[in-house]
Amino acid sequence: MKDERALHYYERLLSLGPKKEHHLPLAEVAEVLFTTARHARTVLQALQQRGWVTWEPKVGRNQRSQLTLHFDVKTLRQRLGKAMIEQGQYESAFSLLHGDQEQFSQLLQQTSGTMVREGQLHIQLTYQRAFQPILPHKPLRNSERFLVRQIYSCLTACDHEGKVSPQLAHHWTTNKDYTQWRFYLRPRLEFHSGLTLNPELIAQLFLKLKTRPEYDTELAHLKAVNFGHQTITFELERPDRGFDALISDLRYSIQPPEQLDVVAGRVVDGCGAFRVIEHSDERLRLEANDRFFDLPALTDTVTIWQLDKTPTERIELAHSQKEGVSEKHGMSDGQAYTQSRIENGCIYLLLNANDSLHSLNASQRAYLCSVFSPYSILETPDLNPLSRASVSAHNILPSWTKITRRIADKVALPEKLTIAVYDHQVIRDCANGIRAQLALLGVACEINVYTLEMLHSKACERKLDEDITIASFIVDDNLPVSVFRWLCSDVILRQGLNDADVEWLDSN
């Protein structure tokens, strides 16, 4: 008997009342079940095998048997739904719960983690928002950046110490003045769709990237891209000793050139260890790529469900660290905890100094720099718990020298200032904290919230004219490349600088 049919019979028995003993002959049980006495016996045996009831039949006609129902219907449906989710039967579980999103979400969170089914390793996770299209050439939040590394590969890879290693290219050469770089591709490379990954497609990809405004600064010296048999050659107008490291950045992940023109597609075509088999507002599903050139992934599938919940794990971790948890032993007062690390990068505040856009002069910007403090923002009343778990940044990277705050003379400020942010809970909280501090100075404040892509688009068009911008600086583990690329190419940062500062960045 299938679980759905057994549940149907159990719900009929619930009219007797759950969690208490009932003494009644089999004939009465059959009446409740709307079946024959013989079939009622079969049903009760099936329910008892599942642990849903305890049935102690008595021998003889009209003898009263003892029957106990152990669960109410909601609890039983949740138990069945949880078992179905653990078996990967998500649609059946959702149907069993009558489409109750709240119960389904709770079960997803309870079953998050790793599980083995039919000899395959599956990971199920929950996340507090839907993922945007995972395209490496688009502006990406931190989680999407991590996923890019799983779905795509680059010609080269770079670690946190700046060491460049092979990826899609098994080796490469350069001439004496570093103006010509030739990369040798591994044989039989394919995209997830089965499309052959050849040098011609890579050449087309880089030439198309060069025409995009976001890549203009980094690829300004790229003169030509030539391809041969399993080789691709980059011709540069000036020497670039670090070109092999530059193209290890995730923005240079290899993808079909046509994918650059995708507007709203979600099931993308990559060449990394995992391929996307489903991407919707409800979930993202990844599957191990059996065509991957390197060692195969140990995990067979990854399913990430979108739940509109605050991620509590990170908050609890931050609180435990503040209370003095030892990272060496991972224990405090005998309690284990999930070990993590502070991310490289930070949320930053940029005072608009663009010669054609800003309304604040140099003295006003200096004064505001001495007024604003991450500590005062984190002490703002009604702060979201996730924001309270944030750590004050003293420099762009935690390992860099702590910056000493300068005290500037107080000057008159405009009656009103504007702040540009993108739709991120912590960043919006920072903006509200800044607004509260400006109110104490007698300055009104307007906060304009954009999507991340819109914020980048306005910066590319040099139309981001708010007085203050709050955004995030995100890097990968390949710190030398990530930090360099952000300082030299980030459109939000550059559009907020004056011409002299931009020229200094480009020359250094």
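**Figure 1. A close-up of the second largest cavity in this predicted model.** Look for L168, L189, E190, L197, C271, N289, R291, F292 and F293: these are the residues that line the second largest cavity. The space they enclose has a volume of about 50 Å³. Sort that lining by class and you get 6 nonpolar, 1 polar and 2 charged residues. How many cavities of 30 Å³ or more are there? The count comes to 2, and the other one gets its own view next.

**Figure 2. Here's the largest cavity, at about 350 Å³.** Its lining is made of 22 residues, and P139, L140, H456, R485 and D490 are the closest to the centre. Which elements give two or more residues to this lining? They are α15 (452-460), β20, α16 and α17 (491-495). Going by class, the lining of the largest cavity divides into 12 nonpolar, 4 polar and 6 charged residues. As for how such spots are found, rolling a probe the size of a water molecule over the atoms shows where empty space is left.

**Figure 3. Now for an open space: the second largest pocket, holding about 410 Å³.** There are 21 residues in its lining, and if you head for the centre, the closest ones are E218, R238, D240, F484 and C488. Three elements, α9, α16 (479-489) and α18 (499-507), each give two or more residues to the lining of this pocket. Which element has the largest share? That's α16, with 5 residues. By class, the pocket lining comes out as 10 nonpolar, 7 polar and 4 charged residues.

**Figure 4. W181 and F243 make an aromatic pair.** The structure holds 13 aromatic pairs, and this is one of them. The ring centres of W181 and F243 are 6.3 Å apart and the planes meet at 40°, so we call the pair tilted. W181 belongs to strand β9 (residues 180-185) while F243 belongs to helix α9 (residues 243-246), so the pair ties together parts 62 residues apart in sequence. Buried or exposed? Both W181 and F243 are buried.

**Figure 5. Y215 and Y252 form an edge-to-face pair.** With ring centres 5.4 Å apart and planes at 80°, the pair counts as edge-to-face because the angle is over 60 degrees. Y215 is in the loop between α8 (199-210) and β10 (222-228), and Y252 is in the loop between α9 and β12 (274-279), so this pair, too, links distant parts of the chain, 37 residues apart. Y215 is buried, with a relative accessible area of 0%. Y252 is buried as well, and its relative accessible area is also 0%. Zoom out a little and ring pairs link W172, Y178, W181, F183, F206, Y215, F234, F243 and Y252 into a cluster.

**Figure 6. Two arginines put their charged ends over rings.** R251 has its charged end over the ring of Y215, 4.1 Å from the ring centre. The charged end of R50 sits over the ring of W52, 5.6 Å from its centre.

**Figure 7. The buried side of the story for helix α7 (residues 142-151).** Which residues of α7 are buried? They are S143, E144, R145, L147, V148 and I151. What covers them includes β5 (120-127), β12, β13 (283-288), β14 (301-306) and β20 (468-474). When you trace a helix like this, keep one rule in mind: an α-helix has 3.6 residues a turn, so residues three or four places apart point the same way.

Terms used:
Residues are numbered from 1 along each chain as its sequence is written. This is a predicted model: local features need pLDDT of at least 70, side-chain atom pairs count only at pLDDT 80 or more; totals for chains, interfaces and linings use all residues. Side-chain values use heavy atoms; hydrogens and water are left out. Rings of Phe, Tyr and Trp (its six-membered ring) pair if their centres lie within 6.5 Å; planes under 30 degrees apart count as stacked, over 60 as edge-to-face and the rest as tilted. Helices (H or I, at least four residues) and strands (E, at least two) are DSSP runs, numbered from the N terminus. Buried means under 20% relative accessible area, exposed over 50%, partly exposed in between (1.4 Å probe, protein chains only). A charge sits over a ring if NZ of Lys or CZ of Arg is within 6 Å of the ring centre and within 35 degrees of the ring normal. On a 1 Å grid over the protein atoms alone, a cavity is a set of points where a 1.4 Å probe fits but cannot get out, and a pocket is an open set with protein on both sides within 12 Å along at least five of seven lines; lining residues have an atom within 4 Å of a point. Grid points are joined across faces, edges and corners, and a volume is the space filled by probe spheres set on the points. Ala, Val, Leu, Ile, Met, Phe, Trp, Tyr, Cys and Pro count as nonpolar, Asp, Glu, Lys and Arg as charged, and the others, Gly among them, as polar. Contact means heavy atoms within 4.5 Å.
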